[in-house]
Amino acid sequence: MKIINFLKKPAFVVFTIVTLILLSSNFNFSPYSWISLIVLALGDYFWINGIIDLRENFSILPKTRKLITGGIYKKIRHPIYLGQILAAFSWFILIRSLFLLIFVVGITIVLLIRSKDEEKLLIKRFGKKYIKYTKNTWF
């Protein structure tokens with residue numbers, strides 16, 4: 001039921017449709033194409049839901065205005081980064097090139113470093129409250 005409600009969010013639907021159109025040039029109904037599509041849909045789900053749940057707290061540069069622990073943030077600390085990693089990985093699954101593998105590894109490393117930097121800021125700002133939150137969430 002929650003998935004059905006989420007599909008009603010226009011940002012998710014538009015983003016997924018645009019990405020599917022871009023993927024369609026390489027989509028050939030092979031198992032790789034279907035797996036790529038599933039991974040992409042998961043990535044889109046985390047990415048867009050993370051942005052929506054942040055609302056006005058979303059920013060390109062890390063800021064510690066408010067500790068968000070509801071919505072998707074109830075289970076995952078960095079859903080936007082997770083979504084970006086999954087979306088990039090979906091392209092690698094579909095095209096399977098060395099360049100894309102290097103890109104996915106690179107973007108994953110950058111996002112992991114960025115997530116650690118953000119967590120340092122959040123610990124500095126929210127202290128024990130954030131540390132407790134991290135014990136009940138993944139990535």
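**Entry 1: Ser36**

I began with Ser36, which sits in helix H3, residues 31-54. This is a predicted model, so every value I note here is computed from predicted coordinates. I asked first: is Ser36 buried or exposed? Its relative accessibility is 0%, so I put Ser36 down as buried.

Next I looked up what surrounds it. Leaving out residues up to four places away in sequence, Ser36 touches Ser90, Trp91, Ile93 and Leu94. One of these partners has a short polar distance to go with the touch: a polar atom of the Ser36 side chain lies 2.6 Å from the backbone oxygen of Ser90.

**Entry 2: Gly43, also in H3**

I stayed in helix H3 and moved on to Gly43. Gly43 has a relative accessibility of 0%, so it counts as buried. Which residues does Gly43 touch, not counting those up to four places away in sequence? I found Gly83, Leu86 and Ala87.

I also checked a C-alpha distance here. Gly43 and Leu82 are 39 residues apart in sequence, yet their C-alpha atoms are 6.8 Å apart in space.

**Entry 3: H3 as a whole**

With two residues done, I checked the helix itself. H3 has 24 residues, and at 1.5 Å a residue these should span 34 Å. The end C-alpha atoms of H3 are 35 Å apart, which agrees with that expectation.

Then I pulled up the buried residues of H3. Ser36 and Gly43 are on the list, and the others include Ser33, Val39, Leu40, Asp44, Phe46, Ile48 and Asn49. Gly50, Asp53 and Leu54 are buried too. Just after H3 comes Arg55, where I noted a positive phi of about 50°.

**Entry 4: H4**

The partners of Ser36 and Gly43 sent me to helix H4, residues 79-95. I ran the length check again: the 17 residues of H4 should span 24 Å at 1.5 Å a residue, and the end C-alpha atoms are 24 Å apart, in agreement. How many of the 17 residues of H4 are buried? I get 13, so H4 is largely enclosed by the rest of the structure.

**Entry 5: Arg96, after H4**

H4 is followed by Arg96, and its phi is positive, near 50°. I flagged this one because most residues other than glycine have a negative phi. Arg96 lies in the loop between H4 and H5. Its relative accessibility is 43%, so I list Arg96 as partly exposed.

**Entry 6: H4 against H5**

Past that loop is helix H5, residues 98-126. The axes of H4 and H5 come within 9 Å and cross at roughly 175°. How do the two helices run relative to each other, roughly parallel or roughly antiparallel? An angle over 145 degrees counts as roughly antiparallel, and H4 and H5 are therefore roughly antiparallel to each other.

I listed the residues that meet. From H4 I have Tyr81, Gln84, Ile85, Ala88, Phe89, Trp91, Phe92 and Ile95. From H5 they meet Leu100, Leu101, Phe103, Val104, Ile107, Thr108, Leu111, Arg114, Ser115 and Glu118. Sorting the residues of this contact by type gave me 13 nonpolar, three polar and two charged.

**Entry 7: Tyr130 and the chain end**

My next stop was Tyr130 in helix H6. Tyr130 has a relative accessible area of 2%, so it is buried. Setting aside neighbours within four places in sequence, I found Tyr130 in contact with Leu67, Arg77, His78, Glu119, Leu122 and Ile123. With Glu119 there is also a side chain to side chain polar contact at 3.3 Å. The C-alpha atoms of Tyr130 and Glu119 are separated by 8.6 Å, and the two residues are 11 apart along the chain.

After helix H6, which covers 128-135, I looked at Phe139. Its phi is near 30°, another positive value in a residue other than glycine. At 17% relative accessibility, Phe139 counts as buried, since the cut-off is 20%.

**Entry 8: Stepping back**

To finish, I looked at the whole chain. I find six helices and zero strands, so to speak a run of α-α-α-α-α-α along the sequence. Of the 139 residues in the chain, 37% are buried. Among contacts with a separation of 6 or more, 71% join residues 24 or more positions apart. The Gly43 and Leu82 pair, 39 residues apart in sequence, is a nice example of such a separation to open in the viewer.

Terms used:
Residues numbered from 1 in each chain as written. Predicted model: local features only at pLDDT ≥ 70, side-chain atom pairs only at ≥ 80, totals over all residues. Heavy atoms only, no water. Axes fitted to C-alpha atoms, helices over the stretch in contact; angles between N-to-C directions. Helix = DSSP H or I, 4+ residues; strand = E, 2+ residues; numbered from the N terminus. Parallel < 35°, antiparallel > 145°, perpendicular 65-115°, else oblique. Contact = heavy atoms within 4.5 Å. Nonpolar A, V, L, I, M, F, W, Y, C, P; charged D, E, K, R; others polar. Buried < 20%, exposed > 50% of the residue type's maximum accessible area, 1.4 Å probe, protein only. Polar contact = N/O pair within 3.5 Å; in protein donor to acceptor, adjacent residues only side chain to side chain. Expected span 1.5 Å × (residues − 1).
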